[in-house]
Amino acid sequence: MRNHSSIDRFIRSLNSVFNSPSALAFIPALSLGAFWIGGERALVSIALGLPLAITGLGAFSSKQTRPRLGRSVGLLSNDDFASALNEVFAETCRKGEDSACFAVVLDDYTQLLDLHGQAAANHVAQQFCARVMSMIRTNDCATRVGGNKMMVVLRPAGQLDLEACIQMSGRMQSAVEEPIMLNGTGVYMSCSIGFCLSGSFPDGSAMDWRDAANNALLEAQQNGPSTIRAFSSETRRRAQVRSNLRKEFETALDSGEIRPWFQPQISTDTGRVTGFEALARWEHPKKGVLGPNVFLPFAEHADLMGRLGQTMRHYAFSAMRDWDQAELYVPRIGINFSSDELRDPGLIDRLKWELDQFDLTPDRLAVEVLETVFSRRPDDVITRNVTGLATMGCCIDLDDFGTGHASIASIKRFNVSRIKIDRSFVAKADQDPSQQQLASAILTMAERLNLETLAEGVETPGEHALMAQLGCDHVQGFGISKPMPVEKTRDWIMSYRSKLNRVPKIGRETG
Ligand code: C2E
Ligand code: CA
Ligand code: CA
């Protein structure tokens, strides 16, 4: 072992001498000297032999060392970066010098994907990587993680401090902020950076060091685009809080604390219940019932929307089966799908399986998709999923209609069957003529396009009556009922039915 390593060391030192640029300067001198001492034959041997020897040593040596920290000419693979990080970490500890690990992410990548598509996003991400690379020294190491993130580790240096790291981050940001050409026009991107100085992370392993940089990045991202954050003891504390919250959220999903509450939708024509919308609630043992505005942003950030969606569908489909068994005929259940879920290539197969489990046909499901998801340029997976769900027989509901910019072409392309007019157009429409005008214009457009309509957030009998008169097909809102847990739905349906039979109907005929 010892012999091997001393040979290795000798080869490495020879290699470093011969591979250095200064070695090249000696080749003419050596050749001249050889000619002077040994004549033409010596000249030819040195002039041809020396380059061959250098190449041979280089090749031999490159097989021995992996990855070659001193010669980083491009991005390392994730595995090589992990080894490099380990080496830098060990070297830093050994020498007592400072180094730093950076996590750099291109901001607004999802929007870029939605607006310009995958190929354009790839091109921009490549430019991003090249620009970050151009800001680090050749012996520093970097790797690309996922579509839009890079990890960088700097080699130990005597005077690397917080100020130097902030300056380095600023230089990376400036490089990334230069316009990137895309189809002849410049797009302006920015990046967020989290870093961890070896000095501010005295314990743990190289992987903990990388995680610390990632946690600093998370804090940078939470503070808006183009932000820089350094790891500190506070970062560690907040990371712990986040990790506890994640565990708590996952346990709540498993234990049934997070489940749908149901809000009825009724026909303005017949007055009958035409469906329920499933809305997520967290029945927190200490904090009471929490609405989605409290936990959806966290779930999105923690990549838990897929799991939330599966849980919601499980409870919603099981409620449908119970209603069917109790002969409470509820035609449809509306479920909200996040853009994350709609980007899942396995969504259709999973949904088919889930519906089968509960013996439900696809027409019993209304897939609620936000208008903002439609109005962006959808990537291929979203288009395939939404049109696939429509072909399967699901109803596609365009949610919060009027707040986004869905084109008529996209409404047709996605096979939308119903638009849900946003609450902002419904509120006080019976008293405010300009509100009424807007609601009426939307309903006329829907009628021409042969789309069903539902007015959201109907709170008063006046709004209900106006929507019916204007020809809106369905209404939903606190005026009919607030969302309720599944146990209460049966009683609500029964009492609503008996009320419906007793009072004169508010329907289109009333107008
Ligand atoms: P949304 O899909 O537009 O759902 C309607 C929201 O309006 C619900 O709020 C509902 O409680 C509220 N609402 C209904 N009628 C009235 C009314 O008459 N007046 C007023 N002021 N509000 C009314 P909620 O439950 O807080 O949900 C907020 C949003 O969270 C939903 O908006 C939906 O976008 C999202 N969301 C809820 N559950 C899920 C879920 O399981 N998955 C996903 N991806 N998103 C969900
Ligand atoms: Ca909805
Ligand atoms: Ca809505």
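**Exercise 1.** How many residues surround ligand 1, and which are the closest?

*Solution.* The structure is a predicted model, in which local features need pLDDT of at least 70, side-chain atom pairs count only at pLDDT 80 or more, and totals for chains, interfaces and linings use all residues. Residues are numbered from 1 along each chain as its sequence is written, chains are lettered from A and ligands numbered from 1 in the order in which they are written, and side-chain values use heavy atoms, with hydrogens and water left out.

Step 1. Take each residue with a heavy atom within 4 Å of the ligand.
Step 2. The result is 21 residues, with Gln263, Arg281, Arg423, Glu459 and Phe478 the closest.

**Exercise 2.** State which polar side-chain atoms lie by ligand 1, and how much of the ligand is buried.

*Solution.*
Step 1. Look for polar contacts, meaning pairs of N or O atoms within 3.5 Å.
Step 2. A nitrogen atom of ligand 1 lies 3.0 Å from a polar side-chain atom of Gln263.
Step 3. An oxygen atom of the ligand is 3.1 Å from a side-chain N or O atom of Glu277, and an oxygen atom is 3.2 Å from one of Asp400.
Step 4. The protein buries 81% of the 790 Å² that ligand 1 exposes when taken alone (Shrake-Rupley method, 1.4 Å probe).

**Exercise 3.** Find the element that gives the most residues to the shell around ligand 1.

*Solution.*
Step 1. Use DSSP runs: helices (H or I) of at least four residues and strands (E) of at least two, numbered from the N terminus.
Step 2. Strand S9 (273-284), helix H9 (292-301), helix H10 (305-325) and strand S13 (395-401) each supply at least two residues.
Step 3. S9 gives the most, with four residues.

**Exercise 4.** Describe the open sheet that contains S2 and its edges.

*Solution.*
Step 1. Strands pair if DSSP finds at least two bridges between them.
Step 2. The order of the five strands is S2-S3-S1-S6-S7, with mixed pairing.
Step 3. S2 (141-145) and S7 (228-230) each have a single partner strand, so one side of each lacks a neighbour in the sheet.
Step 4. S2 and S3 (residues 149-153) run antiparallel, joined by five bridges.

Methods: Polar contact = N/O pair within 3.5 Å; in protein donor to acceptor, adjacent residues only side chain to side chain.
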